[in-house]
Amino acid sequence: MVHMQVPFYRHSLSPEKAQLVAKVLETPFLTSGPIGKEVEAQLCEYFGAKHAKLVNSWTNGAVATLLALDIGPGDEVIVPAMTFIATANVVELVGAKPVFIDCDPDTLLITPELVKAAITKNTKAVIPVHMYGQMCDIKAIREILPKDHKISIVEDCAHTFEAKFNGDRPGKYSDASIFSFYATKNVTCGEGGAIITNDSSLFERIQQSILHGMSAGAADRFKEGQYKHWGMEHLGTKANLPDLLACFLPEQIKTIDQRLALREEIAQRYEKAFLSTKIRVPKVLKGVVHARHLFPIHVGPEIRDKALLVLGEANIGATVNYRSVPTMNYYTRKNQFSGDEYPSSLKWGNGTISIPLFPGITTQEQDYVIDVLVTKIDKMIGGVKQ
Ligand SMILES: Cc1ncc(COP(=O)(O)O)c(C=O)c1O
């Protein structure tokens, strides 16, 4: 085995991209301006959505969306136990209660049945997460929601941009969908995100809630050379994305579907290599386009941390996505439960490791990762396939 160093992730923005920033500096717009507007039009076209708004993170975009939906104290929002903490934290940040649900043990996605069982008279929204890049069945979730009780669906698309479920992209059956352009995401500008929606009145409120709840944005306040007063009808946060970052997005959005083929090829190579081992991978549903954002494997709780050490010693970047959110101290303290109430999330979260998957990984690098996993880590797993 030839030893090498394989990072968990390597971005593909070259130093020449500094030209894009230089172009923004030639304009008066250091904050949100014409480039952001261009990207928003691009997003509307890509997703077939009526409206799009760039934001400075998924997290801030979600806070703004929940505020725009008037969700707050006394309200419940259904969230997966198996996700990144941000999905639940944004519910806490607006003063509402995250109600955790477990996931399907094979796909790690929430299901319509699990959502249905968690609905109470206080439920105001559900935030399905398209884990690792594979989409939940949003149409089926929409169909099980009561017809006489308004429950909004806000899709957490932090792991997907380019995925499809039965031919549909995110946004078609939900009230709003929120994306992340964080450093390791399939489309990135370092930090950032976007909200899409087909609901024009919700969009109007989102535009305000991303700017402190102000009734007019900076450009509108100075229209036609005349200062216009602004009002404030409801509470908002500060979530707009500056053109200094938005400038990295147009080209990546144009070429995202080309990179998807590369991600799929890398993911399938891993899947094939682990077929004859005890390493388990999430099930990919038939008829879906998977964004292949992360490649998690399951090696089991007995050896997971030892396996992380072996990967570290072999200079292979690896992370954990994710330990079950209700087991985090903040939530066990607050909810007075142990977190064991969500067995599939707990089992997956205690035994999973994410291994390198990015379009620029070389065949040699991937072969090295596979070699370490198959010759060292698989041997540490006792019993049957995890
Ligand atoms: C599932 C999920 N939701 C939300 C977020 C938060 O995204 P951001 O860092 O853009 O706020 C992440 C970030 O990794 C995530 O993985």
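## A tour from pocket to sheet

The second largest pocket has a volume of about 390 Å³. Keep in mind as you go that this is a predicted model.

**Stop 1: the pocket.** Select F84, S180, Y182, K185 and Y322: of the 24 residues lining the second largest pocket, these lie nearest its centre. Now try colouring the lining by class. You should find 10 nonpolar, 11 polar and 3 charged residues in the lining of this pocket. Which helices should you highlight next? Pick α3 (58–68) and α4 (86–93), since each supplies at least two residues of the lining.

**Stop 2: the sheet.** Switch to a cartoon view and look for an open sheet of 7 strands. Walking across this sheet, you meet the strands in the order β1-β8-β7-β5-β4-β2-β3, and their pairing is mixed. Where does the sheet end? Select β1 (51–55) and β3 (97–101), the edge strands, each of which pairs on one side only. Turn the view a little and compare neighbouring strands: on average they are turned by 25° against each other, direction ignored.

A word on what joins them: strands of a sheet pair through backbone hydrogen bonds, either parallel or antiparallel.

**Stop 3: one strand pair.** Zoom in on β2 (residues 76–80) and β4 (residues 123–126), which pair in the parallel sense over 3 bridges. Click on V77, and opposite this residue you will find A125 in β4.

**Stop 4: back to α3.** Finally, select α3 again, the helix that helps to line the pocket. Which strands does α3 lie across? They are β1, β5 (152–157), β7 (176–180) and β8 (193–197). Against β7, helix α3 runs at about 160°.

Definitions and conventions
Residues numbered from 1 in each chain as written. Predicted model: local features only at pLDDT ≥ 70, side-chain atom pairs only at ≥ 80, totals over all residues. Heavy atoms only, no water. 1 Å grid on protein atoms, 1.4 Å probe; cavity = no way out; pocket = protein on both sides within 12 Å on 5 of 7 lines; lining within 4 Å. Points joined across faces, edges and corners; volume = space filled by probe spheres on them. Helix = DSSP H or I, 4+ residues; strand = E, 2+ residues; numbered from the N terminus. Nonpolar A, V, L, I, M, F, W, Y, C, P; charged D, E, K, R; others polar. Pairing = 2+ DSSP bridges. Axes fitted to C-alpha atoms, helices over the stretch in contact; angles between N-to-C directions. Contact = heavy atoms within 4.5 Å.
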